Amino acid sequence: MNLFEHSWAHAWADLGLQPPAGVWDALLAAYDEPQRHYHSRQHLAECLAHFDAVRPLTQHPGEVAIALWFHDAVYDVRGTSNERQRADWARRVLGASGADEATQQRVDALIMATRHDAAPGPGDEQLLVDIDLSILGAAPERFAEYDRQVRAEYQWVPGFVYKMKRRAVLGAFLARPCIYGTGHFSTRCEAQARANLAWAIDGRAGTQPPAVTAGPPPLR
């Protein structure tokens, strides 16, 4: 059983529900869409692998897993309502499977938290957001690949505009007192994320970020 099969089966077992037919295929097809370079099966697999490592820390593991499956399931690079459409799709699937309203609301909130435009709630929301942002603290070579993948998704944007917008987005993360809100990700990713972001903002093409072997204590 591969990572996707294991995660899908385990998530629905945790929920005590059966997924409607065809959802698995539809989700994997969505993550294979041609406009995706970063928001693809690779990103989904990385998120699910991180989730496996922190699953004991979750309050509702099945809900977090399902939210991860849907958190990038709709991806229109020019769209402004991707997260809302993703959450609505998850709600429809959960409703069809017999999930109660409380479960649907929590999954909805988890997915909407990945807009990264407000501080996530404690517990599962914070953990899911940290999983989604784990790429910022990835090893230098993976972060450099991610940086290229995001540019490929926005290849239609003129270079000078893209650089300005991208620096603003990454600078906002770097300006946070803490990029990660959980001890697990703060300890493992915070220092490397700050090195990666500084490198990307500087725009040092043809290089890769410095590896951080030791850093300050986790920020709180």
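Colour the chain by secondary structure: from the N terminus on, the elements run α-α-α-α-α-α-α-α-α-α. The count is ten helices and zero strands. The model on display is a predicted one.

**The whole chain**

Keep the full protein in view before selecting single residues. Its C-alpha atoms fill a box of roughly 50 × 40 × 35 Å along the principal axes. The radius of gyration is 17 Å, which agrees with the value near 17 Å that a compact globule of 220 residues would have. Of the contacts with a separation of 6 or more, 66% join residues 24 or more positions apart.

Next, switch on the surface. About 10,500 Å² is exposed, and carbon and sulfur atoms supply 56% of that area. Buried residues account for 48% of the 220 residues. Colouring by charge shows 22 positive and 26 negative side chains, with the centres of the two sets 7 Å apart.

**Helix H2 and its surroundings**

Select residues 23-31, which form helix H2. Which residues of H2 are buried? They are Val-23, Leu-27, Leu-28, Ala-30 and Tyr-31. Turn the view to look down the axis of H2: the buried residues fall within an arc of 155 degrees, so they line one face of the helix.

Now add the partners of that face. The buried residues of H2 pack against helix H1 (3-15), helix H3 (41-54), helix H4 (61-70) and helix H5 (82-97).

**Leu-3, in H1**

Move to Leu-3, which is found in helix H1. Leu-3 counts as partly exposed, because its relative accessibility is 28% and the partly exposed class lies between 20% and 50%. Display its surroundings, leaving out residues up to four places away in sequence: Leu-3 touches Ala-45, Leu-48, Ala-49 and Asp-52. For one of these, Ala-49, draw a distance from C-alpha to C-alpha; the two residues are 46 apart in sequence and 7.7 Å apart in space.

**Ala-73, between H4 and H5**

Go on to Ala-73, in the loop between H4 and H5. Is Ala-73 buried or exposed? At 2% relative accessibility, Ala-73 counts as buried. Which residues does Ala-73 contact, beyond its neighbours within four places in sequence? Its contacts are Leu-27, Ala-30, Tyr-31, Arg-36, Arg-86 and Trp-89. Among these, Leu-27, Ala-30 and Tyr-31 have already been selected as buried residues of H2. Trp-89 is 16 residues from Ala-73 along the chain, and their C-alpha atoms are separated by 8.6 Å.

**Asn-82, in H5**

Select Asn-82, whose place is in helix H5. Asn-82 is buried, with a relative accessible area of 7%. With neighbours within four places in sequence set aside, Asn-82 is in contact with Val-74, Tyr-75 and Asp-76.

**The loop between H6 and H7**

The last stop is the loop between helix H6 (101-112) and helix H7 (124-132), where His-116 is found. Inspect the backbone there: His-116 has a positive phi of about 60 degrees although it is not a glycine.

Thr-114 is also found in the loop between H6 and H7. A relative accessibility of 5% makes Thr-114 count as buried. What does Thr-114 contact, leaving aside its neighbours within four places in sequence? The residues to display are His-71, Glu-83, Leu-128 and Asp-132. To finish, draw a line between the C-alpha atoms of Thr-114 and Gln-104: these residues are ten apart along the chain, and the atoms are separated by 16 Å.

How values were computed:
Residues are numbered from 1 along each chain as its sequence is written. This is a predicted model: local features need pLDDT of at least 70, side-chain atom pairs count only at pLDDT 80 or more; totals for chains, interfaces and linings use all residues. Side-chain values use heavy atoms; hydrogens and water are left out. Buried means under 20% relative accessible area, exposed over 50%, partly exposed in between (1.4 Å probe, protein chains only). Helices (H or I, at least four residues) and strands (E, at least two) are DSSP runs, numbered from the N terminus. The arc is that of the directions from the helix axis to the C-beta atoms. Contact means heavy atoms within 4.5 Å. The radius of gyration is taken over C-alpha atoms; the globule rule is 2.2 Å times the number of residues to the power 0.38. Accessible areas come from the Shrake-Rupley method with a 1.4 Å probe; for residues, only the protein chains shown count as cover. Lys and Arg count as positive and Asp and Glu as negative; His and the chain ends are not counted. The place of a charge is taken as NZ of Lys, CZ of Arg, CG of Asp or CD of Glu.
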